[in-house]
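User: Could we go through this model together? I would like to start with the charged pairs and then move on to the interior.

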Amino acid sequence: MNTVVSPTLSVAIFAAAQAVKSVLAGQSLTEVLTTVPKEQKAVVQSISFYSMRHLMSAQALAQQLLSKKAPNTLVHALLLVGLSLLIVPRKRIHEDFTQGIPFYQDFTIVDETLKAAQRHKKSASFKGLLNACLRRYLREQDKLWEIIGQQETVQFDYPQWWIDLIKKSYPQEWKAILRTANIPGPLTLRVNRRKITREAYSAELNRLAIAHQCVGEDAIILEKAVPVDQIPFFQQGYCAVQDAGAQIAASLLPLRDGLRVLDACAAPGGKTAAVLERANIDMTAIDIEEKRLARVAENLKHLGLYSDKVSLYTADATTQSWWNGEPFDIVMADVPCTASGIVRRHPDIKWLRKESDIAKTARLQREIVRNLWSVLKPGGYFLYITCSVFPQEGQEQATFIEKYFSDAIRLEAPGQLLPLATDQQPRPWHDGFFYALFRKAEGTHV
């Protein structure tokens with residue numbers, strides 16, 4: 001519990017409410033948080049992330065507490081954030097994992113939310129309404145939870161369509177999948193094997209008494225998240241932040257010096273870098289957004305991987321305007337998706353997505369795959385990747401590739417990775433990903 005209240009808590013609550021308001025209007029939380037001053041970002045991110053994770057519960061409570069619609073979207077957002085903070089004790093999924101959870105005394109939350117309301121003319125005159133709602137919740141919370149607690153949307157804090165789809169797709173694991181995604185993901189590093197071995201880096205962490213766990217081939221999971229400027233040798237490019245599930249991509253590919261590799265839809269460049277760390281290859285990376293592609297260049301330079309063997313193009317993966325006609329030995333198709341597998345790191349996703357988005361992204365994925373298959377050499381390898389747990393974007397697409405391309409040979413790959421919490425592993429080491437690996441049969445033509 002936070003025993004000392006930051007003098008900026010009301011400021012943070014107000015900023016978090018603005019973030020919630022923006023997400024409900026369709027804006028990415030990541031984008032919104034870029035405007036938050038550095039000194040406030042940690043607490044604002046903590047509050048806004050928690051509010052996003054449990055927004056459905058807060059909305060259900062708000063409906064019970066308000067006799068009519070909130071006077072405006074800012075007041076509504078302030079109420080949702082205040083309620084989200086008040087329900088923290090009820091929403092702890094694993095009592096032994098509290099990192100990142102904004103836990104304050106009830107009276108502090110009410111007082112600071114009211115102070116936050118004073119910061120804008122649209123909310124200042126409705127302080128009394130907010131005060132009445134929050135204090136009524138504290139008086140009647142058991143009764144209110146009895147009213148709303150049977151709703152699946154409240155139990156799991158997801159839209160009903162999302163719950164129904166996960167239940168249908170994973171009839172045995174659906175509850176664990178949904179609950180796990182409301183647990184913040186761990187801070188995971190990928191050790192840059194060009195600069196240091198994982199064993200040597202692990203030894204350095206041990207020397208500094210930084211508790212961690214080694215998983216996979218290059219991943220290190222820190223027991224407690226720390227700012228990147230406190231991670232040993234991070235600034236020198238000895239490691240990068242990347243989920244352990246995302247790191248699997250490079251390990252699936254038969255990399256060797258001299259190969260031509262295409263990383264399509266490459267931003268922000270984690271998989272691009274992981275491949276370059278393993279072999280001296282000719283890398284072409286494309287992304288449709290110039291701003292995001294610039295991040296790829298920045299990340300590669302930071303890790304010491306940017307060279308004349310790396311070509312970056314702002315381009316649409318459904319076209320070939322960027323291609324010089326020379327086929328690739330390996331194509332990584334990390335295609336756009338709903339990102340339903342990384343909700344624990346981006347909790348706004350479940351409020352930004354609509355059920356209709358799945359069919360749209362599936363169509364786009366197939367268009368990209370059809371285009372990229374034609375730039376692959378006969379005998380080359382094609383790795384299909386999504387950070388989704390929806391079968392329409394994973395297994396169904398892999399089946400499509402097998403059936404659509406007569407020269408596609410499916411190889412061994414993990415398939416669907418599901419982040420599932422257990423009593424033994426309350427915080428899974430990877431997010432949700434799908435991997436399908438194919439080889440293009442010899443004797444075919446580009």
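**Salt bridges, cores and a cavity**

User: Which side chain meets that of Glu326 in a salt bridge?

Analyst: The partner is Arg260, at 3.6 Å from N to O. The two belong to distant parts of the chain, 66 residues apart: Glu326 is in the loop between strand S7 (310-314) and strand S8 (328-334), and Arg260 is in strand S5 (residues 260-264). Helices (H or I, at least four residues) and strands (E, at least two) are DSSP runs, numbered from the N terminus. A salt bridge here requires a side-chain nitrogen of Lys or Arg within 4 Å of a carboxyl oxygen of Asp or Glu.

User: Any ground rules for the model?

Analyst: This is a predicted model, in which local features need pLDDT of at least 70 and side-chain atom pairs count only at pLDDT 80 or more, while totals for chains, interfaces and linings use all residues. Residues are numbered from 1 along each chain as its sequence is written, and side-chain values use heavy atoms, with hydrogens and water left out.

User: Back to that pair: is Arg260 buried or exposed?

Analyst: Arg260 is buried because its relative accessible area is 13%, whereas Glu326, at 40%, counts as partly exposed. The classes are buried under 20% relative accessible area, exposed over 50% and partly exposed in between (1.4 Å probe, protein chains only).

User: And how many salt bridges in total?

Analyst: The structure holds 21. In one of them, the side chains of Arg190 and Glu277 meet at 2.9 Å, N to O. This pair also links distant parts of the chain, since Arg190 is in strand S1 (residues 187-191) and Glu277 in helix H15 (residues 270-278), 87 residues apart. Arg190 counts as buried because its relative accessibility is 2%, and Glu277 is buried too, at 5%.

User: What about Arg136?

Analyst: Arg136 pairs with Glu140, their closest N and O atoms being 3.2 Å apart. Both residues lie in helix H9, four residues apart, about one turn of the helix. Arg136 is partly exposed at 26% relative accessibility, as is Glu140 at 23%.

User: Which residues are linked in a network of salt bridges?

Analyst: Arg193, Glu217, Asp218 and Arg278 form such a network.

User: Changing topic: how many residues has the largest nonpolar core?

Analyst: That core has 54 residues, and Leu83 and Tyr137 have the most contacts inside it. At least two of its residues come from each of several helices, including H1 (9-24), H5 (73-86) and H9 (127-148). Apart from it lies another core, of 53 residues, among them Trp174, Ala240, Ala250 and Leu303. A nonpolar core is a set of buried Ala, Val, Leu, Ile, Met, Phe, Trp, Tyr and Cys residues joined through side-chain atoms within 4.5 Å.

User: What is Tyr137 in contact with?

Analyst: Beyond its neighbours within four places in sequence, Tyr137 is in contact (heavy atoms within 4.5 Å) with Leu61, Leu65, Leu83, Leu86, Ile87, Arg90, Leu144 and Trp145.

User: Where does Lys224 lie?

Analyst: Lys224 is in the loop between strand S3 (219-222) and strand S4 (239-241). Lys224 counts as exposed because its relative accessibility is 57%. Its C-alpha is 8.2 Å from that of His212, twelve residues away in sequence.
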